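Trainee: I am new to this structure and would like to learn how to read it feature by feature. Could we begin with how two strands are paired?

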Amino acid sequence: VMAVQGTGLIEISIGSDDGLNKGAFLRIFRADGSMYLGRAQVLRTAPDKSVCNVLERKGVITKGDRVSSGINDK
């Protein structure tokens, strides 16, 4: 997570060059993986970043938190 806006949007540092597409769902975790923070959906992508709408919040999302697509999750 590169930035958090009060409007429920976050900017992340992965984009279309990483295979991320508009409409994808992501899970948000604390940077060290210790806490699940919520779920977001990708609104728009650029080659090196994306803007996402936070759909579910289980904790405070801050700059430096991580996202996961769950593709490789079991």
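Mentor: Strands of a sheet pair through backbone hydrogen bonds, either parallel or antiparallel. In this predicted model, strand E4, residues 36-45, and strand E5, residues 50-57, pair in the antiparallel sense over seven bridges. One place to look is Arg44, whose bridge partner in E5 is Val51.

Trainee: With which other strand does E5 pair, and over how many bridges?

Mentor: E5 also pairs with E2, again in the antiparallel sense, and four bridges join them. Here Val51 of E5 stands opposite Glu11, and Val51 is also the residue that partners Arg44.

Trainee: In what order do the strands lie in the sheet, and which of them are the edge strands?

Mentor: The sheet is open and has six strands in the order E1-E2-E5-E4-E3-E6, with antiparallel pairing. The edges are strand E1, residues 3-4, and strand E6, residues 66-68, each of which pairs on one side only. At the E1 edge, two bridges join E1 to strand E2, residues 9-12, and the two run antiparallel; Val4 is found opposite Ile10 of E2. Four residues lie between the strands in this hairpin, and Gly8 there takes a positive phi near 90°.

Trainee: How many helices and strands does the protein have, and how compact is the protein?

Mentor: There are zero helices and six strands, which read along the sequence as β-β-β-β-β-β. The radius of gyration is 11 Å, close to the 11 Å that the globule rule gives for 74 residues, so the protein is as compact as a globular protein of that length. Its C-alpha atoms fill a box of roughly 30 × 30 × 20 Å along the principal axes.

Trainee: Which residues make up the largest nonpolar core?

Mentor: In a regular strand the side chains alternate between the two faces of the sheet. In this protein, 27% of the 74 residues count as buried, and the largest nonpolar core has 12 residues, among them Val1, Ile10, Ile28, Val54 and Ile61. The elements that give two or more residues to this core are E2, strand E3 (25-29), E4 and E5, and E4 gives the most, with three. Ile28 is in contact with Ile10, Leu37, Ala40, Val54 and Ile61, among others, once its neighbours within four places in sequence are left aside.

Trainee: Is Val1, in the segment before E1, buried or exposed?

Mentor: Val1 has a relative accessibility of 12%, which is under the 20% limit, and therefore counts as buried. Beyond residues up to four places away in sequence, Val1 touches several others, including Ile10, Ile12, Ile61 and Val67.

Trainee: How many aromatic pairs are there, and what is the geometry of the rings of Phe29 and Tyr36?

Mentor: The count comes to one aromatic pair. The ring centres of Phe29 and Tyr36 are 5.7 Å apart and their planes stand at 65°, so the pair is edge-to-face. Phe29, with a relative accessible area of 23%, is partly exposed, and Tyr36, at 30%, counts as partly exposed too.

Trainee: What pLDDT does the protein average?

Mentor: Where pLDDT is low, the predicted coordinates should not be read in detail. The protein averages a pLDDT of 91, and 93% of the residues score at least 70. Among the elements, E6 has the lowest mean pLDDT, 94, and E2 the highest, 97.

Technical notes: Residues are numbered from 1 along each chain as its sequence is written. This is a predicted model: local features need pLDDT of at least 70, side-chain atom pairs count only at pLDDT 80 or more; totals for chains, interfaces and linings use all residues. Side-chain values use heavy atoms; hydrogens and water are left out. Two strands pair if DSSP finds at least two bridges between them. Rings of Phe, Tyr and Trp (its six-membered ring) pair if their centres lie within 6.5 Å; planes under 30 degrees apart count as stacked, over 60 as edge-to-face and the rest as tilted. Buried means under 20% relative accessible area, exposed over 50%, partly exposed in between (1.4 Å probe, protein chains only). pLDDT is the predictor's confidence in each residue, from 0 to 100. Contact means heavy atoms within 4.5 Å. A nonpolar core is a set of buried Ala, Val, Leu, Ile, Met, Phe, Trp, Tyr and Cys residues joined through side-chain atoms within 4.5 Å. The radius of gyration is taken over C-alpha atoms; the globule rule is 2.2 Å times the number of residues to the power 0.38.
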